[in-house]
Every structure is written in structure tokens, then in C-alpha cells.
Amino acid sequence: MKSKKLGINSRMIHSGEFENQLGSATVPIYQTSTFLFENAEHGARCFSGEESGYIYTRIANPTINALETLVADLESGAKGIATSSGMAAVNTVYMALLSKGDHMVSSAAVYGPSRVVMEQHWSRFGVESSFVDTSNIEEIKKAIKPNTKLLYIETPANPTMDITDLKACVEIAHQKGIIVVVDNTFCSPYLQRPLEMGVDVVLHSMTKFLNGHADIVAGMIVTADATLGAKLRSIMVTLGCNMDPHQAYMVIRGIKTLGIRIERSQASAMKIARFLESHPKIEWVKYPGLESHPQHELAKKQMDGFGSMISFGVRGGFEAGKILMDNVKVCIHAVSLGGVETLIQHPASMTHSKVSAEAKRLAGITDNLVRFSVGIEDVEDIIDDLDQALQKVKL
Ligand SMILES: *Cc1c(COP(=O)(O)O)cnc(C)c1O
């Protein structure tokens, strides 16, 4: 036993258990679907659970297990369950924790597909849901019903950057026996560890910050309690939304630099947010690190840093947003976030172009909103790029 728990940067490099038979410096890729039994007796012991040997990769695999123990450690959780994608993690959580007749309260500004799959598909199996502004605790209290089983939070929210008070959520939910789940994709455990605040389950799209290199799609669920973890794992295994060993290897590799990537990108984000706030062609900027953010104080308490996601509004509405998109040269015009490259996106002309005006209003998406995921390039280059593209916007 180590007497002192290592810091998070050290654990990103050294956590994650695997049986290192040959003394390799990194976790090897066990690219295999199945595992040999020593004899019939050994096979029987593995299947009965008496022995924890590997059987089949959909159930467990040493490379994937190393990643699961690594992320569980970073999140201060008991158990990690790796999934093929972030959406696989979301659906595994919904399936494990909601049954026919149950109700979920969720942040309105969640990742779009997390809402769509609930309203269009889980509803077909008799699961009810309410989407509310969870940054206002009163809205959560009003939405809770006798059959509410799950409180599902994303904070900071996407793309409004509104922040939900996690400790307050836990207090309200646990009084009523409601399980609290947080999609921690925007922060990663480097900036926010919901399980340490009493939250029951955390999930990730590791496609974003954890992998961080825009070259892998992957998900993870971490539970505070091992029994709940076992329940979620059995759903993942029977659904078959497991990770592949190569995917796991790539994410382990990505996590090693999570700390330095975030430190760099959030320092740049602060400078970019200040630049935008003082720019005449910018109407508003939402970044938790700015004093003007309505929940700046809560962000300081709840998060270990303000992250690298910024939302802002360009003067000139929809057209101005499009002009900005068409003129950036360093920033990449694409969806997703949390990679080493700076990504810029205009929801009104892209991801939400087919969404009704009312639905956009409810999700906090205005026609001029631009979402910005700051990468690790030289910050001067990003600022110059934004500046020259904004010059093309005529007021
Ligand atoms: C991208 C994303 C997801 C979905 O993850 P995939 O890996 O694309 O399936 C879920 N939640 C948030 C907040 C995301 O940004």
C-alpha cells in the first residue's frame, strides 16, 4: 500500500492495473476475442466467478481493464465500464437505471442525442422524461415526480455553458432515493470529480478530452459503488456495446497528456475569452472563467479550472456567424470538442439547422451563437485568426 495517494498528473501516467508479465513500459494491446482456459476446471471457475480470469473480450479484456481502472481512479470511483462510444455509455445508463413507468429529470441543454434517444426511443418502452434548466435548483424540485428515478446532469451545459450546482442536486435527489448521473465530458476528471461531491454515476464521451486527439470514438461509465457498477457492466455486456482493445490502448495513451493539454488550452481559453469580450463585433461571451459569467463563483467552487469551452454571440446574427465560419483559417470548422486542435462550430447553420425555432430557444441556442473548443496551438495564432475572420463581418 502506498502511504500517500499520488497526485492526479502522476496517476494519469501510472494508474491502471494490468499483469505485466514481460515488463513492458506501456499497457500492451491484447488484440484477442477469446482467452484460453488451462483446463476444464479452470474454465468452470472462471464462468462461476470463483476466479476472475479473462474469458471473452466483450465481457473483459486486460487492455480495456487497464483503462477502466485508470479512469475509475481519476474519477475517485469504484468501478469503470468502458463502452464503444459516449452514446453507448448514455444508453447503458438509461437501460440499467430506468424501467417502464419510471421518470428521468435531465438538464435541457444536454448533448442533443442524449435527449433525442430518450424522447424518441426510450419513451417507446414507457420511460418518461422532463428536460429543465438544472442550473436553477427550483426547476429540478418542480420537475421531480413520485416515479422519478434518475437525475441526469451536464455541467457546464452544452452550448450555453450554464453551470449546475452538483452538491445541491445530490442533496435533493438522495432525499428521495433518486440516482444522480453526471455527463462529465466537458470537464474530464482533471477539472471536476462529481463522485467526490456525492454523485452516484459519471459518464464520458472519451472521444473528447480524455482521448484528446480527435482520432477515436469511445465512452466510459464510472460508479461510486461497486455493486451499481456490476449492474451497469452486465447491461453493457449483454447489449454488446463494449470497447475494442485497440481503442482502449489509444485512450490510455491520450490520457497521459490530459493534464498538460488542459492546462495549456484553458490558459489560452481565458485569453481568448477576454479578447472576445472586448471585441466590438462580439455581442456576448459565456466562459466560466469570466467574472461576467452568472455562475462564476459556483464554477470556482465546483471545478478545478474553467476549461477550454467558450460560447459567444457575433453581432449580425445568423449571417455573421456563417461569415465567421467561412473565414477562419487556423481554427477547424467541425463538430466535436476537446482535441488538440481548436474547433469552431455554429449550431444554427450546422448541427441545429433542422431544429425548430422553439426547440432552439429552449436549448439556449441563438442564431448568432458560436461554440469554440480551444486547442493547444499558440494562442496568438488563434486570436489573430478570429480577428481576421471577424473583420470580414460587416455591421
Ligand atoms: C460527444 C458527446 C457525447 C456522445 O459521445 P460519442 O462518443 O460521440 O458517442 C455525449 N455527451 C457529450 C457531452 C458529448 O460532448
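**Reading the ligand site, pockets and cavities**

Q: I would like to start with the ligand. How do the residues of the shell around the ligand divide into nonpolar, polar and charged?

A: A shell is read by sorting its residues into classes. Here the shell around the ligand holds five nonpolar, five polar and three charged residues. Please keep in mind that this is a predicted model.

Q: How many residues surround the ligand, and which are the closest?

A: A residue joins the shell if one of its heavy atoms lies within 4 Å. For this ligand, 13 residues qualify, and the closest are Met87, Asp183, Ser205, Thr207 and Lys208.

Q: Which atoms of Met87, Asp183 and Thr207 should I look at?

A: Look for pairs of N or O atoms within 3.5 Å. At Thr207, a polar side-chain atom sits 2.6 Å from an oxygen atom of the ligand. Asp183 also uses its side chain, with an N or O atom 2.7 Å from a nitrogen atom of the ligand. Met87 takes part through its backbone, where a polar atom is 2.8 Å from a ligand oxygen.

Q: And how much of the ligand's accessible area does the protein cover?

A: Cover is judged against the area the ligand has on its own, which is 380 Å²; the protein covers 92% of that.

Q: Let us move on to pockets. What is the volume of the largest pocket, and which residues are closest to its centre?

A: A pocket is an open space, searched for over the protein atoms alone. The largest pocket has a volume of about 900 Å³. Its lining counts 31 residues, and Ser52, Gly53, Tyr54, Ala60 and Asn65 are the closest to the centre.

Q: Which element gives the most to the lining of the largest pocket?

A: Helix H3 does, with five residues. Helix H2 (40-48), helix H3 (62-74), strand E1 (79-83) and helix H9 (226-239) each contribute at least two. Sorted by class, the lining of the largest pocket has 15 nonpolar, nine polar and seven charged residues.

Q: What about the second largest pocket: what is its volume, and which residues lie closest to its centre?

A: The second largest pocket has a volume of about 600 Å³. Of its 26 lining residues, Val110, Tyr111, Gly112, Pro113 and His352 are the closest to the centre. Helix H5 (112-120) and helix H14 (357-362) are the elements that give two or more residues to this lining. H5 gives the most, with six. The classes here are 15 nonpolar, seven polar and four charged residues.

Q: Where does the second largest pocket lie with respect to domain 1 and domain 2?

A: To place a pocket, ask which domains line it. Domain 1 (7-255) and domain 2 (260-390) both give residues to the lining of the second largest pocket, so this pocket lies between them.

Q: Finally, how many cavities of 30 Å³ or more are there?

A: A cavity, unlike a pocket, is a space the probe fits but cannot leave. The count comes to three of 30 Å³ or more. The largest cavity has a volume of about 60 Å³. Thirteen residues line the largest cavity, with Thr57, Ile59, Ala60, Ile64 and Glu68 nearest its centre. H3 gives the most to that lining, with three residues, and H9 supplies at least two.

Q: Which residues line the second largest cavity?

A: The second largest cavity holds about 40 Å³ of space. Phe209, Arg261, Ile262, Ser265, Gly338, Gly339, Val340 and Ile376 line it. By class, these are four nonpolar, three polar and one charged.

How values were computed:
Residues numbered from 1 in each chain as written. Predicted model: local features only at pLDDT ≥ 70, side-chain atom pairs only at ≥ 80, totals over all residues. Heavy atoms only, no water. Polar contact = N/O pair within 3.5 Å; in protein donor to acceptor, adjacent residues only side chain to side chain. Areas by Shrake-Rupley, 256 points an atom, 1.4 Å probe, with all protein chains shown as cover. 1 Å grid on protein atoms, 1.4 Å probe; cavity = no way out; pocket = protein on both sides within 12 Å on 5 of 7 lines; lining within 4 Å. Points joined across faces, edges and corners; volume = space filled by probe spheres on them. Helix = DSSP H or I, 4+ residues; strand = E, 2+ residues; numbered from the N terminus. Domains from an automatic or database assignment.
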